[in-house]
Amino acid sequence: MKRNVIRIALVVVLVALGFFLYVIGKEHRVFVDNRDIVINGVEYKSTNPIDVIVDDVDLGEVGKGKRKVANTPGPWHKITAIEKLPDGTTREVVRKFNLAPNDTAVVNLVALFELEDGWLAIE
């Protein structure tokens, strides 16, 4: 009887470990848009190129009207966006977000700089 309990416990632990490793290792696609967007009837325009880093993936410069994609593992993500202003200065935004195993994220950079909500769409 004791032997069967140990075997069942070992199987449960191995299944839990497999699920944990699946969630941690699952790769997500994070699309990054530098396109115009309309939120609640207000249009926000893309004007400047933006340097983007998603987790440790450097996407480089995302030009006006362009889209790039980053493939990153794990459920926890961080996006860092640095906008180059015409006068030579920069402004930076850092945000964190979580994704479920089958989610794909679309980040709108214009909304990221202008709004608190609406910058992330999860599909």
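**Note on the predicted model: salt bridges, sheets and helix 1**

1. R91 counts as partly exposed, since its relative accessibility is 33%, and the residue forms a salt bridge with E83 in which the closest N and O atoms are 2.6 Å apart. E83, by contrast, has a relative accessible area of 5% and is therefore buried, the limit for that class being under 20%. The model under discussion is a predicted one, and the distances and accessibilities quoted in this note should be read as values computed from that prediction.

2. Elsewhere, salt bridges with shared partners join D36, E43 and K45 into one network. Within this network, the pair K45 and E43 has its closest N and O atoms 3.3 Å apart, and E43 is partly exposed, with 46% relative accessible area. The structure holds seven salt bridges, and this note describes some of them individually.

3. Another of these pairs is D33 with R67, whose closest N and O atoms are 2.5 Å apart. Because D33 belongs to strand 1 and R67 to strand 6, this salt bridge ties together parts of the chain that are 34 residues apart in sequence. The two partners fall into separate accessibility classes: D33 is buried, because its relative accessibility is 8%, while R67, at 39% relative accessible area, is partly exposed. As general background, side chains of opposite charge can pair when their charged atoms come close.

4. Which sheet contains the strands of D33 and R67? Strands 6, 1, 9 and 10, in that order, form an open sheet of four strands with mixed pairing. The edge positions are taken by strand 6 (67-73) and strand 10 (120-122), each of which pairs on one side only. Neighbouring strands in this sheet are turned against each other by 20 degrees on average, with direction ignored.

5. Inside the mixed sheet, strand 1 (residues 27-33) and strand 9 (residues 105-108) run parallel and are joined by four bridges. D33 appears again here, standing opposite N108 in strand 9, so that a reader following this residue in the structure will meet both its strand partner and, as noted above, its salt-bridge partner R67.

6. An open sheet with antiparallel pairing is built from four strands in the order 5-4-7-8. Strand 5 (57-62) and strand 8 (90-98) stand at its edges, and because each has a single partner strand, one side of each is left without a neighbour in the sheet. From one strand to the next, the twist averages 15 degrees. In general terms, the strands of a sheet pair through backbone hydrogen bonds, in either a parallel or an antiparallel arrangement.

7. Two pairings in the antiparallel sheet deserve separate mention. Strand 4 (residues 50-54) and strand 7 (residues 76-84) run antiparallel and are joined by five bridges; among the residues involved, D51 has I82 of strand 7 as its bridge partner. Strand 7 also pairs with strand 8, again in the antiparallel sense, over nine bridges, and here A81 stands opposite V93 in strand 8. Strands 7 and 8 form a hairpin with five residues between them, and G88 in the turn has a positive phi of about 95 degrees.

8. On the edge strand 5 of this sheet lies V62. Is V62 buried or exposed? Its relative accessible area is 0%, so V62 is buried. The C-alpha atoms of V62 and A100 are 26 Å apart in space, and the two residues are 38 residues apart in sequence.

9. How does the end-to-end distance of helix 1 compare with its expected span? Helix 1 (residues 2-25) has 24 residues, which at 1.5 Å a residue should span 34 Å; the C-alpha atoms at its ends are 35 Å apart, which agrees with that expectation. The helix is hardly covered, since the count of buried residues among its 24 residues is one.

10. A nonpolar patch on the surface is formed by L10, L14, L17, F20, L21, I24 and W76, which together have about 740 Å² of accessible area. Helix 1 supplies the largest share of this patch, namely six residues. One of the patch members, I24, is placed in helix 1 and counts as partly exposed because its relative accessibility is 31%. A colleague examining the model may wish to view this patch together with the helix, which is hardly covered.

Methods: Residues numbered from 1 in each chain as written. Predicted model: local features only at pLDDT ≥ 70, side-chain atom pairs only at ≥ 80, totals over all residues. Heavy atoms only, no water. Expected span 1.5 Å × (residues − 1). Buried < 20%, exposed > 50% of the residue type's maximum accessible area, 1.4 Å probe, protein only. Pairing = 2+ DSSP bridges. Axes fitted to C-alpha atoms, helices over the stretch in contact; angles between N-to-C directions. Patch = residues over 30% accessible without salt bridge, like charges linked within 9 Å, V, L, I, M, F, W, Y side chains within 5 Å. Areas by Shrake-Rupley, 256 points an atom, 1.4 Å probe, with all protein chains shown as cover. Salt bridge = Lys/Arg side-chain N within 4 Å of Asp/Glu carboxyl O.
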